[in-house]
Amino acid sequence: MIIKRWSVSAAIIVVLTSALLALLHYESPSAHARATADTGSYGSGALGSYQKNDRVIASGAEVRHVVASDGIVLFGDSIAVQDGAALGRLLQHQLGTSFAQYSWAGQPTSAAVGEMAAWAKAYGLPRRIVMAVGSNDIFDPAAFGAQVERALQIAGPKRTVYWVNVQVARTDKPTAVQVADQRNSEWINLELEQAQLQHPNLRVVHWAEFLAAHPDRLHTDLRDGRHTTVPAGQDARNTLILQAIRHG
């Protein structure tokens, strides 16, 4: 079972990296001439300060309502800042469920899990939790697995955690950094697949695989190698989350 899951993920690495390199060769012949910045320990650079970035944070009253009405909560990064409200409307329309989110542009998984713990203490948590974080962990992918375990410990075995995997290859960065972004994205996704083997209440939402199935989606569904286009990418990603929740 482990071998099968890891072989599928390895195939995704090959497809996405090949597609990325082809796009770089076709569209960015000057990328190699850019000045090289400090790329950090993993080739993607370092996580910058995010505390002043855009955020969407539900009020305590909203969170209490979601918990009381068996709704869904979302913890996300900048993609969720953009797409979270649309997801909430989709879930309300399709499932009739209430929704609340804590999304902060630029936050790593550790910060999102920290807020998840704070919500659990202050309000409790509903039985369905969406984690749409991990894209900012490309800067330190080695730390990601421990945060997944921490989130699952907070959630407990009776709640279901739907975790959207990641696809990052920032198109405004030099070629070597984009390739590192891709490699680190797959590191994060492999950590999620491994965690899913140990936690039956973890459901991985396969965003990276959706993009890899048709590499032209790297253009149509991503606007900068990371954030979704609107409406195409936003609708596709939110629909994948909806489908995962529907399947339990």
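Helices and strands here are DSSP runs, numbered from the N terminus. Keep that in mind for the labels below. The model is predicted.

**Whole chain**

Start with everything shown as cartoon. The protein has nine helices and six strands. Of its 248 residues, 52% are buried. Now consider contacts between residues at least 6 apart in sequence: 79% of them join residues at least 24 apart.

**The sheet**

Select the six strands. They form an open sheet, in the order E1-E3-E2-E4-E5-E6. The pairing is mixed. Look at the two edges next: strand E1 (55-57) and strand E6 (202-205) each pair on one side only. Then view neighbouring strands together. On average they are turned by 20° against each other, direction ignored.

**E2 and E3**

Select strand E2 (residues 72-76) and strand E3 (residues 99-104). E2 and E3 pair in the parallel sense, over five bridges. For a marker, pick Phe75, which stands opposite Tyr102 in E3.

**Ser103**

Stay in E3, the strand that holds Ser103. Is Ser103 buried or exposed? Ser103 is buried, because its relative accessible area is 0% and the cut-off for buried is under 20%. Show side chains here. A polar contact of 2.6 Å links the side chain of Ser103 to that of Gln101.

Now display what surrounds Ser103. Leave out residues up to four places away in sequence. Ser103 then touches these residues:

- Arg55 and Val56
- Leu74, Gly76 and Asp77
- Ala80 and Val81

**E4**

Move to strand E4 (residues 128-132). How many of the five residues of E4 are buried? Five of the five are, so the strand is largely enclosed by the rest of the structure. In a regular strand, side chains alternate between the two faces of the sheet. Colour E4 by face to see both sides covered. Arg128, Val130 and Ala132 are buried on one side. Ile129 and Met131 are buried on the other.

Next, check the partners of E4. Five bridges join E2 to E4, and the two strands run parallel. Gly76 stands opposite Ala132 in E4. Gly76 also appears in the list of residues touched by Ser103. With strand E5 (residues 160-164), E4 shares four bridges, again parallel. Select Met131 and Trp163 here: Met131 stands opposite Trp163 in E5.

**Helices across the sheet**

Add helix H3 (residues 78-95). H3 lies across E1, E2 and E3. Against E3, helix H3 runs at about 170°.

Then add helix H4 (residues 109-122). H4 lies across E2, E3, E4 and E5. Its direction is at about 150° to E2.

**A helix pair: H5 and H6**

Finish with helix H5 (residues 144-155) and helix H6 (residues 175-198). The two pack at an angle of about 40°. Their axes are 9 Å apart. H5 passes H6 in a right-handed crossing.

Which residues make the contact? Select two groups:

| Helix | Residues in the contact |
|---|---|
| H5 | Phe144, Gly145, Val148 and Glu149 |
| H6 | Ile188, Glu191, Leu192 and Ala195 |

Colour the groups by residue class. Five residues of this contact are nonpolar, one is polar and two are charged.

Notes
Residues numbered from 1 in each chain as written. Predicted model: local features only at pLDDT ≥ 70, side-chain atom pairs only at ≥ 80, totals over all residues. Heavy atoms only, no water. Buried < 20%, exposed > 50% of the residue type's maximum accessible area, 1.4 Å probe, protein only. Polar contact = N/O pair within 3.5 Å; in protein donor to acceptor, adjacent residues only side chain to side chain. Contact = heavy atoms within 4.5 Å. Axes fitted to C-alpha atoms, helices over the stretch in contact; angles between N-to-C directions. Left-handed = near helix turned anticlockwise from the far one by under 90°. Nonpolar A, V, L, I, M, F, W, Y, C, P; charged D, E, K, R; others polar. Pairing = 2+ DSSP bridges.
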